[in-house]
Amino acid sequence: MDTRLDLLSREYLESPHAHLAELRRRGPVVQVDPGGMWLVTRYDEAQQVLKSASLFSSQGLRLTAQPPWLQRVNPFADSLLFLDPPQHGRLRALISRAFTPAALAQLEARLRGVVRRHVADMMDKKHVDFVDAFAMPIPATVMGWLLGLDASLQQHFMRWTHVLVTMNGVQPEGAVEMERQHRTLDEMERYFQGVLDERRSAPRDDMVSDLLRARMDGVALTHHELMSFLFLLLVAGLETTVNLLSQCARVFFQHPELLLRLRKDPTLIPRFVEETLRYEPSVMSTLRLCTQDVTLAGVELPQGALVLVSLASAARDEKYFPDGDRFILEREGPPRLSFGHGAHYCLGAMLSRMEARVALEELVSRVERLELRTEHIDWTTSLIVRGPVTLPVEVFAPATGQPLPARLA
Ligand code: HEM
């Protein structure tokens, strides 16, 4: 493969793992498009980049959210996801509290009823878009509770986050896309402004009220900092978990026997979720910027070079994940990088694992089989996240009194 692979091409988006395997064979650091950025393909180097914030700055990722041509401030781009230490740590501490085990246990109890209703609804309808009927409403409900948002606006939340994760730092070709990005940012700002105003006059038990009360060195957060937090939490908490649930369904299409195995032994569900996150990570990669000239695995990278850390490729690195193209429930191996590594390790990791566990516990206990009802899947055009845009499925209920398959009994 002599020409540079374009990671936004249809060819790559439709089967990234075959291309990533080829790039891994070429080396741990290879140049790709768009923009001639450097892709880190192997586990050790991926970990090394993610833990060296002083050499590899999150300002790289920020360029996807605030590219020079945007001509408008994007509050998302000023959130802690894109900051380096020490500023990053001070802001991160403000929201860690919302993700404690006690807070999650409370959410779990509420969530189970919601999940049951969505499973029942899918079974009544039989033919549904799995993304719309199940994968999206579960995390949208949870993010709505955490932030105290209006549940009837879930479709808008999804549309908004989708626009933000597909910005990619690549200038849109026509005015239409640029206009869509501006309109989305306007809508989000207007909506969050209303939420902030409401909470100022009537605080509630939610993260927005907590953030309004928060003080850094005795000083309240600025309007822009508050806005950035709301953008970050909605984007980071929604699209990622939607994609995780959709990918769980795709594993069931490929391995229907696993659904029955999980029903028989639900304690395997957390393992199933971890292997899904390795096999098809919701966050494919993250971006960093070299703060100085640096040599990575023998490759000289100049100051200012963009380094795209492929979490998806690291998760199939032959050194640690033999037979990585196979979904193996019993798989061991080193800590996964699906939720990142180092200072920016995902704050919502426990939350999304809990959401996925509850969703799957309810799904496998009631559904016999899920079958994909399309030949072709459209994938989100993003350098960072990966997920199907829609997933038309047929949902099969168990025949009454049907015994478990002999191989599982
Ligand atoms: C399957 C679900 C999820 C995956 C795979 C995922 C993955 C990641 C990854 C890889 C990062 C690090 C990015 C980097 O180093 O540049 C990250 C950061 C983050 N995630 Fe998640 N995430 C998920 C769900 C969530 C949820 C539900 C929330 C809740 C709001 C959340 C909130 C955050 C936040 C706030 C950060 C920034 C942390 C920081 O910069 O210190 N994520 N996530």
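Colleague: How far from an oxygen atom of the ligand does a polar side-chain atom of His 88 lie, and what makes that a polar contact?

Modeller: In this predicted model the distance is 2.6 Å. A polar contact is a pair of N or O atoms within 3.5 Å (within protein, one must be able to donate a hydrogen and the other to accept it, and residues adjacent in sequence count only if both atoms are side-chain atoms). The His 88 pair is therefore a polar contact. Side-chain N or O atoms of Arg 92, at 2.6 Å, and of Arg 288, at 2.8 Å, also pair with an oxygen atom of the ligand.

Colleague: Which values does the model allow, and how are residues numbered?

Modeller: Residues are numbered from 1 along each chain as its sequence is written, and side-chain values use heavy atoms, without hydrogens or water. Because the model is predicted, local features need pLDDT of at least 70 and side-chain atom pairs pLDDT 80 or more, while totals for chains, interfaces and linings use all residues.

Colleague: Why is Cys 346 called a donor of the iron atom?

Modeller: Its SG is at 2.3 Å from the iron. Donors are N, O and S atoms within 2.8 Å of the metal (3.2 Å for Na, K and Ca), so the SG counts. Cys 346 is the only protein donor; water is not among the atoms, so the site may look incomplete. Cys 346 lies in the loop between α15 (311-314) and α16, these being DSSP runs (helices H or I, at least four residues; strands E, at least two) numbered from the N terminus.

Colleague: What makes a residue part of the shell around the ligand?

Modeller: One of its heavy atoms must lie within 4 Å of the ligand. There are 30 such residues, with His 88, Arg 92, Thr 286, His 344 and Cys 346 the closest. α12 (223-254) gives the largest share, seven residues.

Colleague: How do you know that the ligand sits in a cavity?

Modeller: More than half of its atoms must lie within 2 Å of the grid points, and the ligand sits in the largest cavity. On a 1 Å grid over the protein atoms alone, a cavity is a set of points where a 1.4 Å probe fits but cannot get out, and lining residues have an atom within 4 Å of a point. The volume of the largest cavity, the space filled by probe spheres set on the points, is about 920 Å³. Of its 47 lining residues, the closest to the centre include Ala 236 and Cys 346. α12 gives the most to this lining, with nine residues.

Key:
1 Å grid on protein atoms, 1.4 Å probe; cavity = no way out; pocket = protein on both sides within 12 Å on 5 of 7 lines; lining within 4 Å.
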